[in-house]
Amino acid sequence: MKLTNSYIGLPEDFYQVVNPLPVKSPQIISFNDELAQYLGLEIDKKEALKYFSGNSIPENTTPIALNYAGHQFGNFVHELGDGRATLLGEIEVNKERFDIQLKGSGPTKFSRQGDGRSALGPVIREYIVSEAMHHLNIPTTRALAAVQTGEHVFRDVIEPGGILTRIAKSHLRVGTFEYFASRQQWENVKLLADYTIQRHFPEIRVLDNHYLELLKAVADRQSKLIAKWMSVGFIHGVMNTDNFTISGETIDYGPCAFMDEYDPATVYSSIDHGGRYAFGNQPSIAAWNLASLAGCLISFIDEDSKKANELATKVLDDFSIKTNQEILDVMCLKIGLEGSSDKHQSILKDLLKIMIPNKADYTLSFRYLSLALSDKDSLFLDQFQDQEKIKEWLSNWKVTVKELNLDSEKMVKKMDSINPIYIPRNHNVDKAIKATYEENLDPMNELLEVLKNPFEENKKYSHLTVPPKEEEKILQTFCGT
Ligand code: AMP
Ligand code: MG
């Protein structure tokens with residue numbers, strides 16, 4: 001495994017050189033062969049176990065832990081950093097650079113009071129959910145390996161330890177910029193911005209105002225990302241600026257969850273008391289996070305601070321408008337209506353309004369709507385308690401579809417290609433974790449298998465389409481750190 005280290009070219013304040021701390025008796029719980037192949041990693045399971053447990057370091061690489069700060073629930077934390085992760089190195093595929101990072105690999109100078117370790121549960125959760133996101137065509141870090149360490153970690157209870165090997169386009173966060181900006185280390189902010197442009201947005205190099213363009217480019221990626229989250233009911237749970245990437249990938253799957261019943265106020269995270277990161281708040285929180293990035297770059301945008309402010313504010317305003325538009329477009333497509341005209345928007349909003357009091361399942365309501373095109377209305381209608389209202393809505397929708405004269409076969413295909421039938425529902429992820437703790441990997445493997453094709457119904461897995469029964473519902477999720 002030949003790794004490189006471009007981040008080490010930055011000054012020493014950007015990272016700490018540190019090796020993972022070896023573990024007692026590691027065991028591979030899951031290895032992502034398809035991803036390993038894509039990355040061109042020619043390693044067998046034995047080598048994978050050595051490297052991805054942190055017990056061996058690949059030759060010619062210098063593992064590091066990255067420095068960053070961040071706003072957590074709106075409060076600035078001066079120093080965070082990789083307290084339980086090590087960047088093993090980078091790998092280049094088709095001119096694109098990826099980080100290979102171990103998470104749960106032992107203490108670093110950023111660990112504060114933490115042990116630098118991770119319990120196996122959160123490792124499995126991140127593995128399953130990040131891979132599911134990838135197959136739902138949502139930008140995300142990916143999971144290459146999950147290892148059980150053979151050691152215990154002490155949380156509320158004693159738990160088996162785990163290490164996740166994560167692949168990311170980079171681990172640059174808004175919090176990375178905030179680390180240097182809050183210390184007024186402007187030279188470092190500039191070096192970081194230039195490194196970012198080189199790595200993620202090389203097209204900016206020929207443009208005039210690099211740092212304004214950088215802000216625009218990050219806003220553009222995030223706007224597409226958030227719209228995708230909203231379209232599948234994904235709730236990140238901790239959208240702190242240190243968990244908000246510059247690359248536009250979803251990162252740091254802690255108390256994240258897919259919503260079962262639709263309600264914009266849905267919160268699962270046990271630490272989100274005020275609902276700051278509720279499902280419906282995600283677009284405005286993304287704007288908040290981008291405003292933090294803008295604050296770091298502002299002095300490079302224009303020498304005239306008034307002008308710099310105007311330029312940055314315009315990017316942020318555009319972000320909110322564009323994100324709203326992206327969300328409306330994708331949501332209208334979910335009900336088969338292309339282009340979010342006022343009429344289409346109002347049909348969509350009527351449906352969402354009915355879904356809330358009916359506790360309609362977010363995934364199945366949209367998925368089963370396409371069946372109504374061949375007059376198989378019942379699976380769709382079954383998602384609603386109040387039949388009168390939804391029947392009225394459905395007939396209105398059918399009239400609109402008829403007026404548009406759309407080819408219904410094509411429409412079904414389109415709708416089914418964006419409305420998944422399988423999502424990593426909380427209760428199923430939880431069952432997979434519990435089974436793994438009892439040394440049964442079957443539920444995890446089954447879930448991983450079915451989530452590879454989330455848009456294709458497979459009768460064999462029909463039990464995985466079903467929303468949780470009342471007693472199976474998981475109402476709270478935990479970071480597990
Ligand atoms: P997170 O909430 O997972 O995004 O992590 C927030 C911060 O806490 C980061 O700086 C992590 O590196 C650090 N952290 C989380 N868990 C641990 C741990 N077990 N040991 C050391 N640092 C940790
Ligand atoms: Mg984090």
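Colleague: Is Asp252 buried or exposed, and at what relative accessibility?

Modeller: Happy to start there, with the reminder that this is a predicted model, in which local features need pLDDT of at least 70, side-chain atom pairs count only at pLDDT 80 or more, and totals for chains, interfaces and linings use all residues. Residues are numbered from 1 along each chain as its sequence is written, chains are lettered from A and ligands numbered from 1 in the order in which they are written, and side-chain values use heavy atoms, with hydrogens and water left out. Buried means under 20% relative accessible area, exposed over 50% and partly exposed in between, with a 1.4 Å probe and protein chains only. Asp252 therefore counts as buried, at 13%.

Colleague: Which residues are the protein donors of the magnesium ion?

Modeller: Donors are N, O and S atoms within 2.8 Å of the metal (3.2 Å for Na, K and Ca), and water is not among the atoms, so sites may look incomplete. For ligand 2, the magnesium ion, the protein donor atoms lie 2.0 to 2.1 Å away. They are OD1 of Asn243 and OD of Asp252.

Colleague: Which residue has a polar side-chain atom 3.1 Å from an oxygen atom of ligand 1?

Modeller: Polar contacts here are pairs of N or O atoms within 3.5 Å; within protein, one must be able to donate a hydrogen and the other to accept it, and residues adjacent in sequence count only if both atoms are side-chain atoms. Backbone atoms take part too: a polar one of Gly83 is 2.7 Å from a ligand 1 oxygen, and one of Arg117 is 3.2 Å from a ligand 1 nitrogen. The side-chain partner at 3.1 Å is Asn243.

Colleague: How many of the H10 residues are buried?

Modeller: Helices (H or I, at least four residues) and strands (E, at least two) are DSSP runs, numbered from the N terminus. H10 spans residues 362-369 and is mostly covered; its buried residues include Tyr362, Phe366 and Arg367. Cover comes from helices including H6 (210-232) and H8 (305-334), through contacts, meaning heavy atoms within 4.5 Å. The count is 8 of 8.

Colleague: Which residue caps the N-terminal end of H10?

Modeller: Look for a side-chain oxygen facing the backbone nitrogen of Thr363, at 3.2 Å. That oxygen belongs to Asp361.

Colleague: Where is Lys359, and what is its phi near?

Modeller: Lys359 sits in the loop between H9 and H10, and it counts as partly exposed at 49% relative accessibility. Most residues other than glycine have a negative phi. For Lys359 the value is positive, near 50 degrees.

Colleague: What is phi of Glu439 near?

Modeller: Glu439 belongs to the loop between H14 and helix H15 (442-450). With 73% relative accessibility, Glu439 counts as exposed. Its phi is also positive in a residue other than glycine, near 60 degrees.

Colleague: What is the relative accessible area of Thr436?

Modeller: Thr436 is part of helix H14, residues 426-437. Leaving aside neighbours within four places in sequence, Thr436 is in contact with Ile29, Leu120, Ile124, Leu441 and Met444. Thr436 is buried, and its value is 2%.

Colleague: What separates the C-alpha atoms of Phe455 and Met415?

Modeller: Phe455 lies in the segment after H15 and is buried, with a relative accessible area of 18%. Beyond four places in sequence, its contacts include His135, Arg367 and Pro420. Phe455 and Met415 are 40 residues apart along the chain, and their C-alpha separation is 9.7 Å.
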